[in-house]
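Okay, thanks everyone, let's get going. I'll put the structure up and then talk through the parts I'd like you to look at.

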Amino acid sequence: MDSSGAWDGSAPATDDSNNDAELLKRAWRTEKAAPEILQFEARLVQRSREQIQLVLKIRGVIERLRYEVPKESPFRKKGSNNLSVFLHAEGILEDLVESGSDPLIVSLNQMDMDRTLYLLRSYLRTRLQKIEKYMFHIHKNTELWNRLSEQEQKFAQRCIEDLEDHFDKSVLSKLPDRYKSSVKQSVISEEDDMVPEPQLDTYVICRTKGSLGALQLDNRQSIIFFGGVEDPVDLDPGDLYAVRYRSIKPLVYSGQIELV
């Protein structure tokens, strides 16, 4: 791909593609390991979608050239103005005609797209599962609610409305008034005691990207280093640790610690 963002017929740029793929993989892995909903990676998701759309667009043009444009057609002649106009309308350079039809390049593009599509679907599916499980808790917490994308907020709101409507029609309408809440056991309950919340004190497996020194924990929490050490220790890059999620939340948010 050239500096203008158009396709030049070559294999995908390794650095850019791998960087986004690895970032998406890391976002999915962290989201899956974290007990709470994390900030939606809007820019990363948008770039991944654009990459997928571009590959699908390229494949469509290749198939059209392969089956609809005869080899002797002036559209296939290098430097043809007609070809340039045709491919320019598709947002792709004319070199795609020669190198883009290489089965190996097409296969590599397909593999890269399939990988990105799998990671993207897994990331979004993991978030939707958390939203379905903790929708009432997320909805009443402004910080958590703002972590959702606009589409996720609409999904959560629709889930809450549908679930409340189902509860009301099937059970709550038949109960005494004091028990008609879908989030409290009774009207005397001071808190929403029927709303499930993520267990932030659960242990997670993590590693650091750089040396962080000894992590400061309260008396109830400790680090378990995979070498038999149970006391707080220096967090060295590359080593795996089991630690309560609550104690490392800020470091996960900042990206200094990644979950595995």
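So, start with Arg-26 and Glu-258, which form a salt bridge with their closest N and O atoms 3.2 Å apart. Before I go on, please keep in mind that this is a predicted model. What does that pair tie together? Arg-26 sits in helix H1, residues 14-33, and Glu-258 sits in strand E6, so the bridge links parts that are 232 residues apart in sequence.

Now, how covered are the two partners? Arg-26 is partly exposed, because its relative accessibility is 26%, and anything from 20% to 50% falls in that class. Glu-258 comes out at 10% relative accessible area, so we call it buried; the cut-off there is under 20%.

The pair isn't on its own, either. Let me do two more bridges and then come back to that.

Next one: Asp-201 and Arg-246, whose side chains meet in a salt bridge at 2.8 Å, N to O. Here Asp-201 is in the loop between H7 and E1 while Arg-246 is in helix H8, so this bridge ties together parts 45 residues apart in sequence. Asp-201 has a relative accessible area of 26%, which means partly exposed, and Arg-246, at 38%, is partly exposed too.

And back to Arg-26, as promised: salt bridges with shared partners join Arg-26, Arg-29, Arg-207 and Glu-258 into one network.

The third bridge is a local one, within a helix. Asp-162 and Arg-158 pair up at 3.3 Å, N to O. Both are in helix H7, 4 residues apart, and that's about one turn of the helix. Is Arg-158 buried or exposed? It's exposed, because its relative accessible area is 52%, and the line for exposed is over 50%. Asp-162, at 42% relative accessibility, counts as partly exposed.

How many salt bridges turn up in a search of the whole structure? The count is 14.

Okay, zooming out to the fold. The protein has 8 helices and 6 strands. Reading from the N terminus, the order goes α-α-α-α-α-α-α-β-β-β-β-β-α-β. And of its 260 residues, 35% count as buried.

That takes us to the inside. The largest nonpolar core has 14 residues, and the members touching the most others are Val-204, Cys-206, Tyr-245, Ile-248, Val-252, Ile-257 and Leu-259. Which elements give two or more residues to this core? Those are E1, strand E5 (241-244), helix H8 (245-254) and strand E6 (257-259). H8 makes the largest contribution, with 4 residues. You've met two of those elements already: E6 carries Glu-258, and H8 carries Arg-246.

There's also a second, separate core, this one with 12 residues, including Ala-27, Phe-40, Leu-119 and Leu-120.

Last stop, the outside. Which residues gather in a patch of negative charge on the surface? They're Glu-190, Glu-191, Asp-193 and Glu-197. Take Glu-197 as an example: you'll find it in the loop between helix H7 (150-170) and strand E1 (203-208). At a relative accessible area of 40%, Glu-197 is partly exposed. That loop should sound familiar, since Asp-201 is in it as well.

Right, that's my tour. Happy to spin the model round if anyone wants another look.

Definitions and conventions
Residues numbered from 1 in each chain as written. Predicted model: local features only at pLDDT ≥ 70, side-chain atom pairs only at ≥ 80, totals over all residues. Heavy atoms only, no water. Patch = residues over 30% accessible without salt bridge, like charges linked within 9 Å, V, L, I, M, F, W, Y side chains within 5 Å. Areas by Shrake-Rupley, 256 points an atom, 1.4 Å probe, with all protein chains shown as cover. Salt bridge = Lys/Arg side-chain N within 4 Å of Asp/Glu carboxyl O. Lys, Arg positive; Asp, Glu negative; His and termini not counted. Charge placed at Lys NZ, Arg CZ, Asp CG, Glu CD. Buried < 20%, exposed > 50% of the residue type's maximum accessible area, 1.4 Å probe, protein only. Core = buried A, V, L, I, M, F, W, Y, C linked by side-chain atoms within 4.5 Å.
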